[in-house]
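Q: Could you take me on a close look at how the strands in this model pair up? I am new to this, so please go one step at a time and then show me how the helices pack as well.

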Amino acid sequence: MNQTLETTPAQRDAVTDADVTLIVGLEVHVQLDTQSKLFCNCSTAYGADANTQTCPVCTGMPGTLPVINERALELAIKTGLALNCKIANYTKWDRKNYFYPDLPKGYQISQFDKPICGEGHLTISDAKAAFETRDIQIERAHLEEDAGKSIHDETGAKKPSKIDLNRTGTPLLEIVTKPDLRSAEEAKAFLTELKLILTYIDVSDCNMQEGSLRCDGNVNLHINVDGQKIATPIVEVKNLNSFRAAERAIAYEAARQLRVWKKDGLGIADAPKQTRGWDDANQKTTKSREKEDAADYRYFPDPDLIAVETTDQEINAIAATIEYLPAKLRTELMEDYSLEAYDTEVIVSQGIGVVKYYKTVADFLTKSASGLKSPGKTASNWVAQEVLRYLNEQNCEIGDYPVSGGQLGELLGRIAKGDFDQTRGKDVLAQMLENGANLEAAVEKLGIKTVDAGEVEALCQQIIEENQGVIEQIKGGKVQAVGSLIGKAKKLNPNINPNLVKETILKQIGI
Ligand SMILES: [Zn+2]
């Protein structure tokens, strides 16, 4: 890496996209799902009246002493284990000193040189194969307390800003990746997978609107100029409040940095690290304050807190509480249920509740010897299309879905047996959703009866006689014209199995 390489405008103009590599590292703050704060007993519940969840400890009154919340430590270790991190047997607390109105203590308790979670990795992949499956290295994950919130007047009336200290002292896990991400899409995939893992292991609600998951990105470019690599100055992009914002901000920043470098030619050594914020309304990053160096925070060990020692036995006990991880479930669905990568992703991305539901449906179909070629695929089609659509429309969780996995499996078994077709099956499901989940009652209410073979023969005979024109077309080679006859048959008897009608008509006219 040559950081001081001088380039001429002509050299810079000649650079194309193929010469540019995007380098992205992420810092993700996750609010751990504890009842109380990291060093005091104040509630962490969201949405209370301002400054009603504070005490002398979290507001930093002289003479108070912080006491570590064991639960926060457990959740941090659990997260580290799910991210393949090395868990420290010895960790300590440091004061990160800075002045800001929403931090009355004048320092934040954090972890400087001995984080609870060391190096790890998270695997990203794309079901549509937009990029290759890769491990993104995690540098560390450390525990720290959150600061309060400054609420600025946005009415333009220049009223004084207000401070709400309810959030002060809430436990955060800061997860820092190495600069391993190479595109905005990869960054989005990393965040999506991270959120999924955190949800599966139940350590955070990951609600981005409420700030439970916050993300900053460190972005720069490596540019190849006549065989030499030049790095552009690193920019930290803040306020990435949604995955879409993260993806767009990184893509914007990549284009902006290339544009600026082509103009000024400045490399990483020529300019300090810059902080920019993402302006979602205008879809661009804007410059904010210069970034303090780590030294500016004057980290030193917190004299009020003792170091934390965790034995391997304790770490193993926490590991045993991790029941489900998305990567393992993906393998299971693909191997045990013969699902394709894309269908697997649709199910797994919905969380453990939907995965369990899907497995119940698929297991039912497999065990009931329904004769289906791929019961796993049939189950995934119905869960992905019918069940998830309902959950979306009703804005509810799988636990609220009125039809159980076993009941849906039973319904699909009846379709497989030929008792009624898919379209009629969807009517039955709608009936079950509306009037209680009883399958037989729904079938009865719709007046569905199994049509016996004699009835089918007679009905097909009638249709053939009444539609000689169409029959001639079919005999002339236009077999697809039979579709219109199936429609007529269904009008005469909605319970009739369309496949059987097709077979019977073709047989009767000797095709
Ligand atoms: Zn407190």
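A: **Following the strands, then the helices**

Let's begin at one residue pair: Val235 stands opposite Gln274 in β13. Please keep in mind that this is a predicted model. Val235 belongs to the pairing of strand β12 (residues 235-240) with strand β13 (residues 274-279), where 4 bridges join the two and the strands run parallel. As background, strands of a sheet pair through backbone hydrogen bonds, either parallel or antiparallel.

Now step from β12 to another partner. Strand β10 pairs with β12 (residues 235-240) in the antiparallel sense, over 4 bridges. If you want to find this pairing in the picture, look for Gly217, whose bridge partner in β12 is Val237. So far, then, β12 has a parallel partner in β13 and an antiparallel partner in β10.

From β10 we can walk on to β1. Strand β1 (residues 20-31) and strand β10 (residues 213-225) run antiparallel and are joined by 11 bridges. One pair to look for is Ile23, which has Asn220 as its bridge partner in β10. β1 also runs antiparallel to strand β9 (residues 171-177), with 5 bridges between them. There, Val30 stands opposite Leu173 in β9. While you trace these strands, remember that in a regular strand the side chains alternate between the two faces of the sheet.

There is also an open sheet of 3 strands to visit, with the order β4-β3-β15 and antiparallel pairing. Its edge strands are β4 (107-110) and β15 (300-301), each of which pairs on one side only. Strand β3 (residues 94-97) is joined to β4 by 4 bridges in the antiparallel sense. In that pairing, Asn97 has Tyr107 as its bridge partner in β4.

On to the helices. Two packed helices are described by the angle between their axes and the distance between the axes. Helix α8 (residues 352-367) packs with helix α9 (residues 375-394) at an angle of about 135°, and their axes are 9 Å apart. That angle makes α8 oblique to α9. The crossing of α8 past α9 is right-handed. Residues in contact include Tyr357, Val361 and Leu365 of α8, together with Pro375, Ala379 and Trp382 of α9. Sorted by class, this contact has 10 nonpolar, 4 polar and no charged residues.

Helix α10 (residues 405-417) and helix α11 (residues 422-434) have axes that come within 10 Å and cross at roughly 155°. Because angles over 145 degrees count as roughly antiparallel, α10 is roughly antiparallel to α11. α10, too, passes its partner α11 in a right-handed crossing. The contact is made by Gln407, Leu411 and Ile415 of α10, with Gln422, Gly425, Val428, Leu429 and Met432 on the α11 side. By class, the residues of this contact are 5 nonpolar, 3 polar and no charged.

Finally, step back to the whole chain. Its domain assignment gives domain 1 (1-26 + 218-275), domain 2 (33-203 + 292-312), domain 3 (326-445) and domain 4 (453-508). The C-alpha centres of domain 1 and domain 3 lie 48 Å apart.

Methods:
Residues are numbered from 1 along each chain as its sequence is written. This is a predicted model: local features need pLDDT of at least 70, side-chain atom pairs count only at pLDDT 80 or more; totals for chains, interfaces and linings use all residues. Axes are lines fitted to C-alpha atoms, for helices over the stretch in contact, and angles run from 0 to 180 degrees between N-to-C directions. Angles under 35 degrees count as roughly parallel, over 145 as roughly antiparallel, 65 to 115 as roughly perpendicular and the rest as oblique. A crossing is left-handed if the near helix is turned anticlockwise from the far one by less than a right angle, and right-handed if clockwise. Two residues are in contact if their C-beta atoms, placed from the backbone, lie within 7 Å. Ala, Val, Leu, Ile, Met, Phe, Trp, Tyr, Cys and Pro count as nonpolar, Asp, Glu, Lys and Arg as charged, and the others, Gly among them, as polar. Two strands pair if DSSP finds at least two bridges between them. Domain bounds come from an automatic or database domain assignment.
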